[in-house]
Amino acid sequence: MFQAVVFDFDGVIVDSEPLHYRAIQAALVPLDISFPYEEYLRRYVGFDDRDAFREVLREAGRLAGEERVADLCRLKAAAFRRVLDGGIPQVPGAAELIRALHARGVPLAVASGALEAEIRRVLERLGLLECFAVIVSADQVAASKPDPATYRLAVESLAAAFPGRGVTPAACLAIEDTACGIASARDAGLRVLALATTTATADLGAADWILPNLAGLSAEDLLAGRLPGSRR
């Protein structure tokens with residue numbers, strides 16, 4: 001049923017939203033802005049760093065000029081590197097599924113609103129970097145999720161890397177964890193498996209399937225579309 005799989009990163013491969021939250025809070029200290037983790041999950045999950053900081057500044061009644069946003073992104077990136085030293089929690093079943101798909105020669109991509117350097121650093125630490133032929137990050141698109149550009153580029157890049165393998169949007173499965181990500185993937189023409197790792201199940205209803213995580217899911221069942229959970 002599926003010829004390729006495109007993974008979101010945060011909340012799908014690694015349970016890193018708490019780490020991103022801590023890094024964002026560290027970046028905002030000079031501006032004396034803070035908010036609880038529950039608000040982060042409700043308002044900012046699914047945004048890339050640029051859009052998240054723009055929204056934070058707007059909510060705080062501060063000017064969200066590009067220079068200030070870029071400075072905050074640099075501070076956040078540095079803080080995130082420090083936070084990673086404390087360990088990287090993984091989404092259950094993700095690493096096992098990625099390795100199983102890679103062993104079968106399935107074209108794999110990451111399509112994320114995170115920065116490419118952050119994605120590569122984490123995947124390398126987990127021993128998963130070589131599994132992905134394509135990484136599309138916030139650095140590579142003008143508009144991040146929910147805009148479909150991230151997923152469109154991921155599919156186009158996989159098709160170029162694996163000619164003759166039938167990699168089209170309709171033949172690709174996206175694995176997501178946010179409403180923004182689901183909208184991005186569906187508007188790019190992909191089917192979507194959503195994980196209820198960071199977002200309530202009720203907010204993931206636009207996905208084709210919904211699971212709590214990837215534990216116990218085999219590569220064979222995934223590729224054949226034999227997925228439990230809700231289906232459109």
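Biologist: Why are β1 and β2 said to pair?

Modeller: Two strands pair if DSSP finds at least two bridges between them. β1 and β2 share three bridges, in the parallel sense, so they qualify as a pair. In β2, the bridge partner of V5 is L108. The model is a predicted one, in which local features need pLDDT of at least 70 and side-chain atom pairs count only at pLDDT 80 or more, while totals for chains, interfaces and linings use all residues. Residues are numbered from 1 along each chain as its sequence is written, and side-chain values use heavy atoms, with hydrogens and water left out.

Biologist: What makes β2 a strand, and which way do its side chains point?

Modeller: Strands are DSSP runs of E with at least two residues, helices are runs of H or I with at least four, and both are numbered from the N terminus. β2 covers residues 108–111. L108 and V110 point one way, A109 and A111 the other. In a regular strand the side chains alternate between the two faces of the sheet. The four named residues of β2 are all buried, which means under 20% relative accessible area; exposed means over 50%, and partly exposed lies in between (1.4 Å probe, protein chains only).

Biologist: How do you know that β3 and β6 are edge strands?

Modeller: The open sheet has six strands in the order β3-β2-β1-β4-β5-β6, with parallel pairing. β3 (134–136) and β6 (209–211) each pair on one side only. The twist averages 20° from one strand to the next. β3 pairs with β2 over three parallel bridges, and V110 stands opposite I135 in β3. At the other edge, three bridges join β5 (191–195) to β6, with I210 as the bridge partner of A194.

Biologist: Which helices lie across strands, and at what angles?

Modeller: Helix α5 (94–103) lies across β1 and β2 and runs at about 150° to β1. Helix α8 lies across β4 (172–176) and β5, at about 165° to β5. The axes are lines fitted to C-alpha atoms, for helices over the stretch in contact, and angles run from 0 to 180 degrees between N-to-C directions. Contact means heavy atoms within 4.5 Å.

Biologist: Why is S184 called buried?

Modeller: S184 has a relative accessible area of 0%, which is under the limit for buried. S184 is found in helix α8. Beyond its neighbours within four places in sequence, S184 is in contact with K145, P146, D147, P148 and Y151. S184 and D147 are 37 residues apart in sequence, yet 5.2 Å apart C-alpha to C-alpha.

Biologist: What makes the peptide bond from K145 to P146 cis?

Modeller: The bond has omega near 15°. P146 sits in the loop between β3 and α7 (149–161). Most residues other than glycine have a negative phi, and most peptide bonds are trans.

Biologist: Why does D32 count as exposed?

Modeller: Its relative accessibility is 71%, which is over the limit for exposed. D32 also has a positive phi of about 55° although it is not a glycine. D32 lies in the loop between α1 and α2.

Biologist: Why is one space called a cavity and another a pocket?

Modeller: On a 1 Å grid over the protein atoms alone, a cavity is a set of points where a 1.4 Å probe fits but cannot get out. A pocket is an open set with protein on both sides within 12 Å along at least five of seven lines; in either case, lining residues have an atom within 4 Å of a point. Grid points are joined across faces, edges and corners, and a volume is the space filled by probe spheres set on the points. One cavity of 30 Å³ or more is found. The largest cavity has a volume of about 230 Å³, and the largest pocket holds about 190 Å³.

Biologist: Which residues line the largest cavity and the largest pocket?

Modeller: The cavity has 22 lining residues, with D10, E17, G46, F47 and G113 nearest its centre. α1 gives the most to this lining, three residues. The pocket has 13, with L41, R42, V45, T199 and D203 nearest its centre. The largest share of the pocket lining, four residues, comes from α2.

Biologist: How do the residues of each lining divide by class?

Modeller: Ala, Val, Leu, Ile, Met, Phe, Trp, Tyr, Cys and Pro count as nonpolar, Asp, Glu, Lys and Arg as charged, and the others, Gly among them, as polar. The cavity lining then has seven nonpolar, six polar and nine charged residues. The pocket lining has seven nonpolar, three polar and three charged.
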